[in-house]
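Me: Please take a close look at one part of this model, the surroundings of the ligand. I would like one connected account of what lines the site and which contacts are made there.

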Amino acid sequence: MMIVMKPDATEEHFRAIIERIESTGARARVSSGVEVTTIAAIGDREHIARLDLDGSPGVDRVIPILKPYKLASAQIRHGERSVLDIGGRRVGGDHFALIAGPCTVESRDQLLTTADSVNAGGATMLRGGAYKPRTSPYAFQGLGTEALLLLAEAKARTGLPVVTELMDARDLEPVLGVADVVQIGARNMQNYALLTEVGRSGCPALIKRGLSSTLEELLMSAEYVLKEGNENVILCERGIRTFETAYRFTLDLTAVPMLQQLTHLPVIVDPSHAPGRRDLVEPLSLAAAAAGADGIIVEVHPAPEQALCDGPQQLRTEDFARYAQKVATAAAVADKTSFIAAAA
Ligand code: PEP
Ligand code: MN
């Protein structure tokens, strides 16, 4: 249930409503918007309905939230977009995030060269995997804690917030030592224990859509993080499995405007993993930005031919600045603040 409070509701009114909601064993979450402030009551619907909150002092009206994802629903914010502040870089609403970096951290030189290039080219955050979800157990699995140290060095040097993947809750502490955003990979989108841990950590989470997951399933995964009181969730479309075999995955750009209707959370696109090849990354990025995506997470490498992971799809560092300019132009078409101007 969503309790819409009156503009002149007092703190007393809020406290009384929250106490009554919590008396049923439900949780109360206050959401302050520009226009209205609401209290979401998350719990047994029958019990909450029995409180008969409509007409209580300070309450304007009570509306049921019909979607199974409550805290992620657009309804809870009355259509207002969430804007996240990640180390001073904003994402969501009018703000576009360009997250760039290697698929995986391979060496100090590789990471710092890439970090410097993407920083100079206008990226707003640095990506880089320390723990890699590989299809083959014999493939390079990531440098682990060594990579985390290198990411910390790259962050100190460039000032770029770091996005890195967490695969196992046992690595949460070291990952939180450097991550400004914890990435939950496509293969872990429905790892509910992991989502809950990230929710409890309070660290912003970037949740990638599972290979065969519906938008509703993605939003339910976001709900696991939000439910723990962590409001900083970014959703990412990265391509889904279809009958098409000409490329790795089909980038579902319809998901961008659709998700933006269903949820207040920022929605970004990964144009690298769907095609799996460099020449398709730019057109997909431009399409995503023009479609109104709140950002892009893209793979960049100084020598893709020698990359230990995802070489064929990684942009070359020397091409990044020109690429970023084009993405900024497309993002401007969708009324996003130019991130290039901010970086210049
Ligand atoms: C990645 O970002 O490098 C990655 C493995 O992504 P995904 O989980 O979308 O496959
Ligand atoms: Mn990759």
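**The shell around ligand 1**

Reply: In this predicted model, the shell around ligand 1 consists of six charged, three polar and three nonpolar residues. By name, the residues around the ligand are C103, R127, K132, P133, Q183, G185, A186, R187, K208, R238, H273 and E299.

Three members of this list have side chains with a polar atom placed against an oxygen atom of ligand 1. For R238, the distance from a polar side-chain atom to a ligand oxygen is 2.7 Å. For H273, an N or O atom of the side chain is 3.2 Å from an oxygen atom of ligand 1. For E299, a polar side-chain atom lies 3.3 Å from a ligand oxygen. Each pair falls within the 3.5 Å cut-off for a polar contact between N or O atoms, so the distances of 2.7 Å for R238, 3.2 Å for H273 and 3.3 Å for E299 count as polar contacts.

As for burial, ligand 1 on its own has 300 Å² of accessible area, and the protein covers 97% of that. The space that ligand 1 takes up is the largest pocket. Taken together, the site is a pocket whose shell includes six charged residues, and R238 is one of the residues around the ligand.

Note on methods
Residues numbered from 1 in each chain as written. Chains lettered and ligands numbered in written order. Predicted model: local features only at pLDDT ≥ 70, side-chain atom pairs only at ≥ 80, totals over all residues. Heavy atoms only, no water. Near = heavy atom within 4 Å. Polar contact = N/O pair within 3.5 Å; in protein donor to acceptor, adjacent residues only side chain to side chain. Areas by Shrake-Rupley, 256 points an atom, 1.4 Å probe, with all protein chains shown as cover. 1 Å grid on protein atoms, 1.4 Å probe; cavity = no way out; pocket = protein on both sides within 12 Å on 5 of 7 lines; lining within 4 Å. Sits in = over half its atoms within 2 Å of the grid points. Nonpolar A, V, L, I, M, F, W, Y, C, P; charged D, E, K, R; others polar.
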